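Q: I am new to this structure and would like a close look at one part of it, the way its strands pair up. Could you walk me through that slowly, and then point out a few other places to visit?

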Amino acid sequence: VKGLRFLPVGIVAVIVAALVWRLANPPDSAIQSQMIGKPVPQIAETAALPGKPAFTQAELRDGRPRLVNFFASWCVPCIAEAPVLAELRKQGVPIVGIAVRDRPEDVARFLSEHGDPFEAIVADRESKLQLAFGSAGVPETFLVDGRGIIRMEHIGPIEPDEVPSLVRAVEAAR
Amino acid sequence: MIAEAGLAALWLAAALALLQLFLAFTPGPIRNGSRAVRAVAIVEGALVLFAMLMLVLAFARTDLSVLLVAENSHSAKPWLYKLAGAWGNHEGSMLLWVTVLGVCGAMLAIFSRRLDERTFTAALGAQGALALGFFAFLLFASNPFARLDRPAFEGRGLNPLLQDPGLVFHPPTLYLGYIGLSVAFSLAVGALITGKVDSALAKAMRPWVLGAWILLTLGITAGSYWAYYELGWGGWWFWDPVENASLMPWLAATALLHSVNVLAARDSLRAWTVMLAMVAFSMSMIGTFLVRSGILTSVHAFAVDPYRGTFILVLLALYVGAAFALFALRSGKLDEGPPFELVSREAALVGNNLLLTVILGIVFVGTLYPLFVEAVTGDKLSVGAPYFNAVAVPLALVLALLIGVGPLLNWRRDSGERLKRLAIPALVGLTVFAILLFAFPGNGVLPKLGLAVAALLMPASFLPLLGRKLKRTPLTTFGMVIAHFGVAVALTGMSASEMFTREVLTAARPGEDARVGPWLVHFESVTPVAGPNWTALQAELRASKGGGVSVLKPQARFYSDPPTETTEAAIETVLGGQLYTVLGKPAGNGRWQLRLWWKPFVTLIWLGGALIALGGALALGGRAWRGRRLRHES
């Protein structure tokens, strides 16, 4: 019974420990895609602009891991992300693009102003592909491994300091 | 100058808090020490009150060179909300917190005369220690008086949801209640240090607990009504973590309120009362931490700042940990006082305390359970109304039954003779339950039980007055009766609105009709209107049920500073309940979404809350009056 008097101190310690843990690991309110670990969905959409190839589900299974970048000419954070994508491309990371709810002429203008890091681009005029990937906005980037399996999702623009870890992740997905 | 004066007062007050702590715990002649501590506490309270007034003044003048004003106010805002803006943000609300803490310390220094000198000095020392930590938090992590290098051209405005008379009163009331409990905490700490836990301590603690409890009751009731009419969701309690954060101190304070009476009258339940006093204010601090750190997912989206969160957590761990450690070391020396039998007033109050503590535990576990689960297993889950209703409500109903029993028992030992008076109320309750079971199959059993218990408690709460000369009955007894009756009234409102609410969501064109419950609602028109700092689309609805026609004008408002949309529900209150209407989005083809609720008896919830607080106020007034008379006679 004597030890019982220390019980409140113990309870307080447990509660404080839990609260410290929470402060150190803030809640992540972003909703991750349910498609991670699953094969990429069917891609029936067409090329986003003339003269630039589209890509298919089969081509994403050719043994090369890639980044699939959802972007749009009307998306301001995508402008901020453009130089980072260019840097990734320079380091040898293959990137394909999906232009969300966009017009060919706007895509062409966007790419000529901010650079074109994409090997191929498909147009997603009604956000169908976006829904199929489980993406909630632009920009978002998915890592697809050589067998066409979605490995990870990056929500929001990629920051410059995330480039090395992303390059390593693409290497590891080979 | 205003901001600088406020800041200087804050620093001075912090220095005095340190001095207060130092003086209280330095060995020396007690008599002089206690006088000095008293004086310091009073000056400290005055200084921090001055600082708060300076902040309110800066907001009243919309001094845009003060960062806090520029971020939270706007020159075009109505003056009442300019003032309320002073505490409608993190820094200002923490200053309000410290102000109340300081003023409570000063009032304790002024009014507590009958307490043991040593206990009293130690309690003021503990109060100083509490204040010191929060002063440090304010000055180092949340300075409300920070200036901008260049004054802002215009302020950013206050969240429109907060531009409401409710906000002017709800947070300060709750804060006063939260922090009023700090005095009970400090007195408990002081008594543990000196080992003098007795009826004198209980009598010194009682007005503080009662006062804080009244304010918490009012604050929670007002907050519930504010959420009900301002958010446009039609509900009055959501078991949201921040709501729970205000409910937990209230539950602890309610338990304390009853156990402190046992200690005052019978010198019994010593360790338990001290423990509860510590738990109550600990719950206030945990509540503040949960709200201010923003670590729990809640509709109350406060700014999240890990640094500030860490600071408050350190304070919380320090104060609560130290208090409970002191309890563990010292409470062994306390005996539990005179014994009592199983059928007695004490036993009923112990039952009350046990039930309230278990309900407190249920709410606490439910609020923090998602956090524990995620910390241990990584799984994310949320705990909502189904858990709280299923687990806490049955216990609350048992507690409500006990309210009918306890006041009829004598202290120490009782034959249970007067319990026979409960026969008629019990019959009323059973009849109501039977009728509801037959008339409304389905709907779940809890609301029916709730109505039955309320029907029993309504007459039963007046039984303590039976056979007494009303003129010679003390005001405190009337207070108790009214508060207990208020519980029955609130319980009626909760159960009846749960059972009988009707809801309709419709897309209607102007000119069309909709039906909800007994009401026929004619959708007249939608027109644009403008207010001082908003524009709105306003629907005109003509509602009738039998007799006359009432006009309701729900709005969809757009505020420009900051750009926000809000819904302003229009509510028609009649004797039997409320018709609650919300104008939603256009639904295409000239149609509008309309949400209509008929909520019978819903107003009783808040009326009950107000009655409970009124009962508390009568008890407090009765005690103060009696105390004065006793002093005059002696």
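A: What follows starts with the strands of chain B, turns to a sheet in chain A, and ends with some helices.

This is a predicted model, in which local features need pLDDT of at least 70 and side-chain atom pairs count only at pLDDT 80 or more, while totals for chains, interfaces and linings use all residues; side-chain values rest on heavy atoms, without hydrogens or water. Residues are numbered from 1 along each chain as its sequence is written, with chains lettered from A and ligands numbered from 1 in the order in which they are written.

A few terms will help. Helices (H or I, at least four residues) and strands (E, at least two) are DSSP runs numbered from the N terminus, and two strands pair if DSSP finds at least two bridges between them. Strands of a sheet pair through backbone hydrogen bonds, either parallel or antiparallel.

Let's begin with strand S6 of chain B, residues 555-559. Four of its five residues are buried, meaning under 20% relative accessible area, where over 50% is exposed and anything in between is partly exposed (1.4 Å probe, protein chains only). S6(B) pairs with strand S4 of chain B, residues 534-544, in the antiparallel sense over five bridges; here B:Trp534 has B:Tyr559 as its bridge partner. S6(B) is also joined to strand S7 of chain B, residues 564-568, by five bridges in the antiparallel sense, and in that pairing B:Phe558 is matched with B:Glu565.

Next in chain B comes an open sheet of four strands with antiparallel pairing, ordered S1-S10-S9-S8. Strands S1 (502-508) and S8 (570-574) of chain B each have a single partner strand, so one side of each is left without a neighbour in the sheet. From one strand to the next, the twist averages 15°, with axes fitted as lines to C-alpha atoms (for helices, over the stretch in contact) and angles running from 0 to 180 degrees between N-to-C directions. S8(B) meets strand S9 of chain B, residues 577-588, through five antiparallel bridges, and B:Ala570 is bridged to B:Thr581 in S9(B).

Chain A offers an open sheet of five strands, S3-S2-S1-S4-S5, with mixed pairing. Its edge strands are S3 (121-124) and S5 (150-155) of chain A, each pairing on one side only, and the twist averages 20° from one strand to the next. Strand S2 of chain A, residues 95-100, runs parallel to S3(A) and is joined to S3(A) by four bridges, with A:Gly97 partnered by A:Ile121.

Now for the helices of chain B. Helix H1, residues 2-25, has 24 residues and reaches 35 Å from its first C-alpha to its last, close to the 34 Å expected, a span given by 1.5 Å times one less than the number of residues. Its buried residues include B:Ala9, B:Leu16 and B:Gln20. Farther along, helix H13 (residues 385-405) of chain B holds B:Val398, which counts as partly exposed because its relative accessibility is 43%. B:Val398 and B:Asn352 are 46 residues apart in sequence and 9.4 Å apart in space, C-alpha to C-alpha. Helix H5 (residues 90-111) of chain B is also worth a visit. It carries B:Met107, whose 35% relative accessibility makes this residue partly exposed.
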